[in-house]
Amino acid sequence: MFNSLTGTITGKFSKQVFLDTHGIEWDLCVPDSNLDMLPTVGSEAKIYVWLQHTEQLMSLYGFASDDERSIFLDLLKVDGVGPKGALKIMSSVSSVRLMDILERGDLELLEKIPGVGKKTAGKMILTLKGKLKLSETSGTTIKVPKNSPYGDVIASLVSMGYEKKNVETKIAELVEALSASADFETKSQKDKEDIIFRKAVIALS
């Protein structure tokens, strides 16, 4: 019924965006991870949408790109994950990070994502591993320093609701401390990112 809406952003809040399309203001449910991908309030934006229509309610979900909407729809294929659950998952972790966790079948890390329990984590891996895809031009990550080797980790933590400046400071501290360990330095970049991510979640909580 709807593919996208183009208009002026009149409000941005946690999991919510208001969009004015020539006099009609839409109330859209939007993942927090998508908020930084959208223009500032007062700017024009194209938001991809998905309509939930049941006997009890009608809700319109919005996404910064078609890829982000596809990830949302893929999450709905998981038994037990409804629209609100998918929104919560996407608000807690960037799509790039989620794909990486699923591809490696990392149950422990997946279970730490708000809205994902042990059973749901197993179902997600069974249903989605190897099936999530993003286009190369997809704007799915939050802007981070170009030279940061842990840019994706920073983006994921910011998507989970942590303040960007605090995240960058904590990541820098962890990298400095862990770099003194010969064992850490011998690990692959992916393993280093996982270690940093886990420790940062604990330190920032």
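Here are some friendly notes on this predicted model, point by point.

1. Ground rules. Residue numbers start from 1 along each chain as its sequence is written, and side-chain values use heavy atoms, with hydrogens and water left out. Because the model is predicted, local features need pLDDT of at least 70 and side-chain atom pairs count only at pLDDT 80 or more, while totals for chains, interfaces and linings use all residues.

2. Overall build. The protein has 10 helices and 5 strands (DSSP runs numbered from the N terminus: H or I of at least four residues for helices, E of at least two for strands). Its radius of gyration is 18 Å, close to the 17 Å that the globule rule gives for 205 residues, so the protein is as compact as a globular protein of that length (taken over C-alpha atoms; the rule is 2.2 Å times the number of residues to the power 0.38). Along the principal axes, the C-alpha atoms fill a box of roughly 60 × 35 × 30 Å.

3. Surface and charge. About 10800 Å² is exposed by the protein, with carbon and sulfur atoms supplying 52% of it (Shrake-Rupley method, 1.4 Å probe). There are 26 positive and 28 negative side chains, and the centres of the two sets lie 4 Å apart (Lys and Arg against Asp and Glu, with His and the chain ends not counted; charges are placed at NZ of Lys, CZ of Arg, CG of Asp or CD of Glu).

4. Cores. Buried residues make up 43% of the 205 residues (buried is under 20% relative accessible area, exposed over 50%, partly exposed in between, with a 1.4 Å probe and protein chains only). The largest nonpolar core has 39 residues, and Leu75, Ile89, Leu98, Leu110, Met124 and Ile171 touch the most other members (a core is a set of buried Ala, Val, Leu, Ile, Met, Phe, Trp, Tyr and Cys residues joined through side-chain atoms within 4.5 Å). A second, separate core of 14 residues includes Ile9, Val17, Val30 and Val49.

5. Helix H2. Residues 66-75 form H2, and 7 of its 10 residues are buried. Charged and nonpolar names both appear in that buried set, among them Asp67, Arg69, Ile71 and Leu75. Their cover includes helices H1 (32-35), H3 (83-92), H4 (95-103) and H6 (118-128), along with strands S4 (44-53) and S5 (58-63).

6. Helix H4. Two of its residues deserve a look: Ser95 and Arg97. Ser95 is buried at 3% relative accessibility, and its C-alpha is 8.5 Å from that of Ser156, 61 residues apart in sequence. Arg97 is buried with a relative accessible area of 0%. Beyond four places in sequence, Arg97 contacts Leu109, Asp152, Val153, Ser156, Glu193, Asp194 and Phe197 (contact means heavy atoms within 4.5 Å).

7. Lys192. This lysine lies in helix H10 (residues 189-204) and counts as buried at 12% relative accessibility. Leaving out residues up to four places away in sequence, Lys192 touches Tyr150, Phe184, Glu185 and Lys187.

8. Two positive phi values. Most residues other than glycine have a negative phi. Lys15, in the loop between strands S1 (4-13) and S2 (16-21), has a positive phi of about 60 degrees and is partly exposed at 32%. His22, in the loop between S2 and strand S3 (24-29), has a phi near 55 degrees and is exposed, with a relative accessible area of 83%.
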